[in-house]
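Dear colleague,

I am passing on the structure we spoke about, and my notes on it follow below. Please read them with the coordinates open.

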Amino acid sequence: MAESTNMRLRLPLLCIILEVILIILFGALVEYNDDTHAKLWNANKSHSATRDDYENEFYYRYPSFQDVHVMIFVGFGFLMTFLQRYGFSSVGFNFLIAAFSLQWATLMQGFFHGMHHGKIHVGVTSMINADFCTGSVLISFGAVLGKTSPVQLLVMAIFEVTLFAVNEFILLSMLGANDAGGSMTIHTFGAYFGLMVTRVLYRPNLDKSKHRNSSVYHSDLFAMIGTIYLWMFWPSFNSAITNYGDPQHRTALNTYYSLAACTLATFAFSALVNPEGKLDMVHIQNAALAGGVAVGTAGEMMLTPFGSMIVGFLAGTISVLGYKYLTPVLESKLKIQDTCGIHNLHGMPGVLGAVVGAVTSALASPGVYGDGLQRVFADAETGKWNPQSRGGFQAISLAVTLGMALFGGLVTGFILKLPIYGAPPDTHCFEDGLYWEELVPPIWHLPFSNRPESGMTNSSEVYPFFPHKNDSKWVSGSVCSLKACLYGESASL
Amino acid sequence: MAESTNMRLRLPLLCIILEVILIILFGALVEYNDDTHAKLWNANKSHSATRDDYENEFYYRYPSFQDVHVMIFVGFGFLMTFLQRYGFSSVGFNFLIAAFSLQWATLMQGFFHGMHHGKIHVGVTSMINADFCTGSVLISFGAVLGKTSPVQLLVMAIFEVTLFAVNEFILLSMLGANDAGGSMTIHTFGAYFGLMVTRVLYRPNLDKSKHRNSSVYHSDLFAMIGTIYLWMFWPSFNSAITNYGDPQHRTALNTYYSLAACTLATFAFSALVNPEGKLDMVHIQNAALAGGVAVGTAGEMMLTPFGSMIVGFLAGTISVLGYKYLTPVLESKLKIQDTCGIHNLHGMPGVLGAVVGAVTSALASPGVYGDGLQRVFADAETGKWNPQSRGGFQAISLAVTLGMALFGGLVTGFILKLPIYGAPPDTHCFEDGLYWEELVPPIWHLPFSNRPESGMTNSSEVYPFFPHKNDSKWVSGSVCSLKACLYGESASL
Amino acid sequence: MAESTNMRLRLPLLCIILEVILIILFGALVEYNDDTHAKLWNANKSHSATRDDYENEFYYRYPSFQDVHVMIFVGFGFLMTFLQRYGFSSVGFNFLIAAFSLQWATLMQGFFHGMHHGKIHVGVTSMINADFCTGSVLISFGAVLGKTSPVQLLVMAIFEVTLFAVNEFILLSMLGANDAGGSMTIHTFGAYFGLMVTRVLYRPNLDKSKHRNSSVYHSDLFAMIGTIYLWMFWPSFNSAITNYGDPQHRTALNTYYSLAACTLATFAFSALVNPEGKLDMVHIQNAALAGGVAVGTAGEMMLTPFGSMIVGFLAGTISVLGYKYLTPVLESKLKIQDTCGIHNLHGMPGVLGAVVGAVTSALASPGVYGDGLQRVFADAETGKWNPQSRGGFQAISLAVTLGMALFGGLVTGFILKLPIYGAPPDTHCFEDGLYWEELVPPIWHLPFSNRPESGMTNSSEVYPFFPHKNDSKWVSGSVCSLKACLYGESASL
């Protein structure tokens with residue numbers, strides 16, 4: 001017998017407990033940093049003749065932060081609205097788990113690499129980092145989209161954010177890796193974590209919901225809102241936390257060209273792999289973004305526009321081919337049901353980005369970077385810098401990330417498998433009706449003079465949705481005829 | 001007999017007269033300020049060795065302005081598209097009255113607190129303030145949405161903008177209140193003004209249009225575009241006109257955490273108040289934003305992330321409970337028909353924000369703020385500063401705002417009640433067809449090979465909309481069957 | 001017999017060849033500029049005691065760039081989604097040709113006015129300029145929307161970008177014209193180029209597709225996303241590449257007021273020209289933007305808000321009147337089929353903007369501009385400045401632009417007429433189905449309990465779209481009844 005999907009107690013309890021814990025921990029641990037604290041900022045200012053309010057980091061990071069913020073909430077949220085009956089959940093659960101994750105990430109990232117005398121200092125840079133970590137959770141969300149309850153998603157976020165912070169600490173602080181745009185920390189980690197979770201949660205009978213696991217005309221247009229915002233703001237994403245000056249400027253430029261080249265590759269291969277030469281919205285919505293993922297590590301380096309375009313072109317190509325040829329195999333052979341195809345958008349391009357980053361690091365030289373070398377490679381300042389070993393550490397970082405993601409996803413997947421979270425049954429995946437209030441039928445496409453002007457009081461009377469008492473009048477006559485209209489059965493009138 | 005709703009002369013005449021008056025007043029009164037005037041900016045520059053073009057306020061305010069601008073036009077505009085048949089009017093009339101209000105606000109705000117030798121000086125700060133004032137009008141629009149003609153809305157804007165400027169002058173200039181994010185001046189004022197207007201315009205027979213006063217699937221997704229943009233950019237809104245440096249940075253940070261906590265509260269209580277534990281789109285679209293409203297006053301103070309999260313959590317909670325339990329009572333007992341529930345999103349959270357601001361002001365001390373005290377509380381600089389009296393003035397400001405809003409709404413409501421504006425009849429509220437050109441029926445969901453490839457010349461031939469001559473062919477047969485399809489009546493075929 | 005529209009080889013081949021050529025040319029010619037190159041930026045820095053990383057042009061141009069970027073990809077892309085069956089192509093082909101054009105424009109603009117010792121230097125300013133050039137191509141796209149294949153559009157972009165760069169070089173470098181917001185270089189050029197192309201591609205039998213050449217309810221709402229983003233960010237567009245300081249600030253301010261006045265004119269005249277006083281979505285979506293076009297040249301000058309509002313009001317007026325009275329005449333008399341009405345949004349307002357720019361230049365004086373004169377008019381610095389001759393050169397620039405655009409469009413039009421690009425037949429214009437993968441029918445509006453839970457495997461089985469084998473079951477029974485539902489024919493059940 002099927003587990004109840006009722007969220008009445010589960011979701012409120014979890015949300016309230018989590019938020020109360022967050023508030024208590026913030027109260028105990030979190031403080032304004034030097035740029036946001038009234039006393040500290042003004043005290044520092046008076047000690048320095050040249051420092052003024054215009055030099056607050058707010059003015060140099062906040063526009064990037066807002067672009068990243070748009071990617072997290074509009075970009076990821078709307079990208080997943082492509083499903084015909086899962087728009088509310090896509091944008092709504094994206095909203096919920098992002099709002100939770102950014103708070104939890106502030107604590108976890110602060111704990112691992114932002115403690116000052118036992119306190120976590122916050123400002124615009126910690127906001128960007130928290131949004132980055134959130135992005136990783138949302139990537140994993142893409143793999144399990146439509147097959148998980150909001151309670152499962154919150155539980156996944158708890159574990160994934162924690163492991164993200166650990167992995168980020170190992171890479172950036174222990175291995176000294178470069179990964180400003182997160183090819184490894186965000187994309188590779190989020191993708192393989194999510195793929196492992198969806199593997200553990202494998203549903204052999206998911207084809208019972210397959211007629212809902214596809215798009216309709218307008219849902220694809222909503223998804224394009226997400227795509228375009230991700231595409232436009234990716235230069236801001238990759239450059240948001242680089243060093244000031246030339247690295248930030250260069251990263252934005254490299255990402256811009258990588259994405260442009262990736263887009264042409266995407267259109268080319270999307271038409272090429274289709275027997276009739278028709279473009280596939282799934283490719284355009286996703287593969288065109290792979291160019292941003294693939295320069296996430298090397299974008300701040302002297303990759304040149306030329307190099308960026310080659311990387312972008314390759315990323316778009318492998319992403320389209322992945323959607324066409326690899327995703328079906330992953331499902332049929334490896335039992336990995338990847339709703340959004342995150343392996344093609346974040347997984348493979350993330351690994352590509354890590355490799356490109358390792359190679360570009362290994363090729364770096366003072367001749368090319370001049371005095372700017374230490375602004376990209378922190379250890380160049382300490383004199384310990386060695387391009388070959390740097391490339392090696394970058395490669396080790398990729399291996400660590402893959403290991404952490406797969407192991408973390410495995411454990412988290414088994415935790416999410418417990419039958420206590422109200423997961424949807426196989427027959428009702430990809431269906432907003434499980435978790436969202438009844439919807440009323442549209443009347444606007446009826447001619448005005450023929451609309452029912454009375455006789456309806458509320459939605460439940462006229463539109464008996466999921467488990468409801470008097471379905472009978474729907475079954476007889478009218479709906480059958482509409483069903484017949486759409487699906488070619490003979491009408492029962 | 002019903003008043004004509006024809007806008008042919010009314011709307012053009014009003015728009016043209018208003019714009020001509022605006023142009024004349026701008027010609028007589030408005031001048032570039034020191035940062036936008038070619039002569040003044042360059043003259044000031046040459047007097048100062050350290051000032052250069054990079055210090056123009058454009059570079060420190062304009063990104064915030066653009067975020068606010070997006071909230072006004074996309075945020076408010078799309079938030080109101082949730083109605084199934086009122087999307088054109090929501091986003092269109094929002095556009096019209098915002099474009100008018102920002103011009104009129106420039107004059108009114110300039111008149112009350114921006115005159116320099118008889119001239120109003122304009123620049124990016126006046127643009128932000130004009131957008132803020134516009135926001136207040138759009139909040140009131142939410143209360144009367146679907147029940148007013150565009151002419152009524154423009155008339156409402158004339159009065160509301162004027163009173164907004166008076167109230168703002170009393171609060172900021174006379175009482176010396178702090179309200180950078182406008183918990184009082186924008187949200188409380190706009191909400192109670194709008195609620196009083198809709199009270200005066202009470203329609204006892206509005207249930208004749210109730211089947212249109214609800215959402216459909218895709219209209220809710222359009223509304224989420226508005227929600228998410230408001231949510232993302234609220235940190236920019238609250239911080240847009242604070243002092244430079246730590247106050248601006250801190251305000252953005254506090255708002256970010258308040259909104260995140262508010263979102264978890266919203267999801268928790270939305271599921272909790274529903275018998276089946278299902279989430280309600282109305283709550284997610286609106287209540288999740290209350291956290292931004294509630295830190296509008298205290299956001300620039302040393303509220304701490306901890307305090308911000310508590311305020312945000314409270315705001316989300318009271319907002320959801322308001323939608324569930326208070327709005328029906330307001331309509332049935334107090335005859336307040338509040339289409340968008342602005343009392344829950346702007347009214348109560350605005351009052352909460354004012355109270356939080358008063359308390360936080362009263363608790364301010366040099367020990368916490370250091371030299372930064374005078375950057376938040378202007379009177380700290382003059383030496384007249386006293387935290388308790390400051391808290392008192394904040395509380396008085398709330399009372400003044402409520403009084404101005406209710407009185408102004410009362411007078412404006414009676415002016416809008418005159419039967420000369422083409423208001424919609426009770427039977428045709430929430431209906432775009434009254435004010436917008438005929439719409440054609442969609443053909444895209446028909447299979448290509450079955451679409452009518454000929455025989456239609458223009459929309460009026462195939463889609464007889466509102467008052468039209470030959471409705472007969474629609475009544476017989478086909479439409480009845482579609483109506484039957486959707487509403488469960490037996491088809492007449 | 002009709003030409004094949006299959007894109008299987010044509011589109012991939014063209015995309016791949018173009019991208020390979022771009023990559024090779026970028027490798028040979030493009031270098032980081034002083035602000036993006038690690039070595040150069042840090043070398044320059046160490047020579048100057050006062051220069052620091054905060055002065056990198058990234059921080060003063062990048063927020064404007066991102067606003068322009070949003071206009072190009074979201075603004076233009078979604079503005080064109082108004083067609084009921086062409087949303088994928090509108091936003092998709094917009095994406096494709098923009099991604100190509102910005103790369104090609106980097107090379108062409110660099111070749112004509114950005115060469116340094118044989119290399120093209122790139123940074124945020126070149127990114128803005130490339131986006132500007134792309135905007136011109138997208139304007140022309142609006143004229144041929146729905147009637148061209150993606151291959152044709154790419155070929156058009158190759159020629160248009162090249163000629164744009166030549167015309168821009170003549171205007172800005174040879175004639176020394178001012179045109180920061182591109183009234184001439186972008187809008188006038190793009191409009192008349194596109195109008196000439198569509199004239200040459202005239203389709204006498206386009207009325208075979210006219211039932212698809214119109215909007216539906218939700219497609220108009222998607223288009224409003226485009227409109228509002230263009231409207232909001234136009235101040236950033238016009239000011240993106242002016243000089244720093246007062247010119248940039250002033251341009252944004254002037255554009256803001258011009259657009260506000262234009263919006264009131266648009267609503268006024270839209271209602272006035274309709275017999276029933278109803279507003280037309282086409283006008284609101286387009287004409288309200290004409291105010292931004294019309295201050296593209298004079299916006300950086302001392303036009304004053306007063307002058308800006310007059311120009312904006314005029315622009316909105318002529319644009320609405322153009323849609324109502326001129327567009328039908330252009331089609332019937334001059335055989336110009338202008339899908340989006342670019343003549344009304346970009347053509348006439350562009351010419352108006354050029355004239356306003358010439359007059360405002362001719363009236364400029366040191367008395368008004370002071371030391372700021374040379375920051376707006378470059379030749380004022382050299383001492384050769386003469387306001388009357390400046391006005392004359394501006395007028396000559398308009399004439400040159402019109403000549404280049406018409407000639408270029410003529411040649412390009414004939415090239416596009418070759419029957420090798422897979423252009424759609426007259427019967428299938430404005431139809432996504434030609435170039436995009438099959439779509440599945442929506443099921444979400446069926447009550448949950450009546451949805452087909454099984455029996456469908458993939459889209460092609462249940463939704464035989466364009467050229468397909470077994471259409472028969474659709475013709476009989478069910479679809480006829482839905483068609484009957486919507487079009488008032490008697491049902492065949």
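Across all chains of this predicted model, the count comes to 91 aromatic pairs. One of them is formed by A:Phe26 and B:Tyr257, whose ring centres lie 5.1 Å apart with the planes at 65 degrees, and because planes over 60 degrees apart count as edge-to-face, that is how this pair is classed. Since A:Phe26 belongs to helix α1 (residues 10-29) of chain A, while B:Tyr257 belongs to helix α9 (residues 246-272) of chain B, the pair joins two chains. Both partners are buried: A:Phe26 has a relative accessible area of 1%, and B:Tyr257 has a relative accessibility of 0%.

Within chain A, A:Phe58 and A:Tyr59 also form an edge-to-face pair, with 5.2 Å from centre to centre and 85 degrees between the planes, and A:Phe58 and A:Tyr59 are both buried. These four residues belong to a cluster linked by ring pairs, which also includes A:Tyr54, A:Tyr62, A:Phe65, B:Tyr60, B:Tyr244 and B:Tyr256.

The other site I looked at is C:Met301, which sits in the loop of chain C between α11 (290-294) and α12 (304-334) and is buried, at 0% relative accessibility. Apart from neighbours within four places in sequence, C:Met301 is in contact with residues of chain C, including C:Asn178, C:Arg250, C:Asn254, C:Tyr369 and C:Phe377, and also with B:Tyr32. Another of its contacts is C:Thr360, which is 59 residues away along the chain, with a separation of 7.2 Å between the C-alpha atoms of C:Met301 and C:Thr360.

Best wishes

Methods
Residues numbered from 1 in each chain as written. Chains lettered and ligands numbered in written order. Predicted model: local features only at pLDDT ≥ 70, side-chain atom pairs only at ≥ 80, totals over all residues. Heavy atoms only, no water. Helix = DSSP H or I, 4+ residues; strand = E, 2+ residues; numbered from the N terminus. Buried < 20%, exposed > 50% of the residue type's maximum accessible area, 1.4 Å probe, protein only. Contact = heavy atoms within 4.5 Å. Phe/Tyr/Trp six-rings, centres within 6.5 Å; stacked < 30°, edge-to-face > 60°.
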